[in-house]
Amino acid sequence: AGYRHDFNAEWAVRPSVYAKSEAASTQHDINVNVLWNNMAWLGVSYRLADAIAPMAGYQQEIGKGLLKVGYSYDVTTSDIKNYSSGSHEIMVNYCFNIDPPEKDRKHKNVRFL
């Protein structure tokens with residue numbers, strides 16, 4: 001779940017929460033991103049009892065869609081931090097903006113039912 005709050009034409013903040021489970025374990029993430037000019041963003045994510053991840057990215061409208069490219073580095077905070085120095089993540093995303101077809105505007109008259 002997430003929300004976008006526009007402060008003005010240049011700045012917006014996007015907080016979100018994410019929960020995933022495979023029945024044996026459950027993970028919860030809390031995220032916040034600051035978006036500048038609807039183009040570049042910086043943020044941080046916290047996975048409860050596991051990791052903190054600073055992140056950065058860029059997005060641009062291409063054609064009828066939106067291309068997003070991002071980078072994140074997970075800093076491990078759980079017990080495995082002695083064995084893992086973290087992990088790098090690279091994200092590429094393209095969101096298609098598909099316009100729904102126009103509906104036929106037929107009006108029926110109840111007198112003919």
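## A quick tour of a seven-strand sheet

R47 is buried, with a relative accessible area of just 17%, because anything under 20% falls in that class. Buried or not, R47 has company: its side chain meets that of D50 in a salt bridge, at 3.4 Å from N to O. Keep in mind that this is a predicted model, so everything here is computed from it. Below, we start with the sheet that R47 belongs to, then look at its hairpins, the charged pairs, one pair of rings and a pocket.

**The sheet**

- Seven strands make up an open sheet, and they are ordered β1-β2-β3-β4-β5-β6-β7 with antiparallel pairing.
- Which strands sit at the edges? Those are β1 (5-6) and β7, each of which pairs on one side only.
- If you follow a strand with your eye, here's a handy rule: in a regular strand, side chains alternate between the two faces of the sheet.

**Two hairpins to find**

- β4 and β5 run antiparallel and are joined by 8 bridges.
- Two pairs to look for here are A40, which stands opposite Y58 in β5, and R47, which stands opposite A51 in β5.
- The hairpin made by β4 and β5 has 3 residues between the strands, and A49 in that turn has a positive phi of about 60 degrees.
- Next along, β5 and β6 also run antiparallel, with 10 bridges joining them.
- I62 has G65 in β6 as its bridge partner.
- In the hairpin of β5 and β6 there are 2 residues between the strands, and the turn residue G63 has a positive phi of about 65 degrees.

**Salt bridges**

- How many salt bridges are there? The count comes to 5.
- R47 turns up again here: D29, R47, D50 and D74 are linked in a network of salt bridges.
- Away from that network, D99 forms a salt bridge with K64, and their closest N and O atoms are 3.7 Å apart.
- Why is the D99 and K64 pair worth a look? D99 lies in the segment after β7 and K64 in the loop between β5 and β6, so the pair ties together parts that are 35 residues apart in sequence.
- Both D99 and K64 are exposed.
- D6 and R4 make a salt bridge too, with their side chains meeting at 2.8 Å, N to O.
- D6 counts as partly exposed at 46% relative accessibility, and R4 counts as partly exposed at 38%.

**A pair of rings**

- The structure holds 1 aromatic pair.
- Y94 and F96 form that pair, which is edge-to-face: the centres are 4.8 Å apart, with 80 degrees between the planes.
- Are these rings' residues buried or exposed? Y94 is partly exposed, at 32% relative accessibility, while F96 is exposed, with a relative accessible area of 67%.

**The largest pocket**

- How much space lies in the largest pocket? The figure is about 540 Å³.
- Its lining takes in 25 residues, and N31, N33, W41, M55 and M91 are the ones nearest the centre.
- The elements giving two or more residues to this lining are β2 (11-21), β3 (26-36), β4 (40-47), β5 (51-62), β6 (65-76) and β7 (87-95).
- β6 provides the largest share of the lining, 5 residues.
- Sorted by class, the lining of the largest pocket is a mix of 10 nonpolar, 9 polar and 6 charged residues.

How values were computed. Residues numbered from 1 in each chain as written. Predicted model: local features only at pLDDT ≥ 70, side-chain atom pairs only at ≥ 80, totals over all residues. Heavy atoms only, no water. 1 Å grid on protein atoms, 1.4 Å probe; cavity = no way out; pocket = protein on both sides within 12 Å on 5 of 7 lines; lining within 4 Å. Points joined across faces, edges and corners; volume = space filled by probe spheres on them. Helix = DSSP H or I, 4+ residues; strand = E, 2+ residues; numbered from the N terminus. Nonpolar A, V, L, I, M, F, W, Y, C, P; charged D, E, K, R; others polar. Pairing = 2+ DSSP bridges. Phe/Tyr/Trp six-rings, centres within 6.5 Å; stacked < 30°, edge-to-face > 60°. Buried < 20%, exposed > 50% of the residue type's maximum accessible area, 1.4 Å probe, protein only. Salt bridge = Lys/Arg side-chain N within 4 Å of Asp/Glu carboxyl O.
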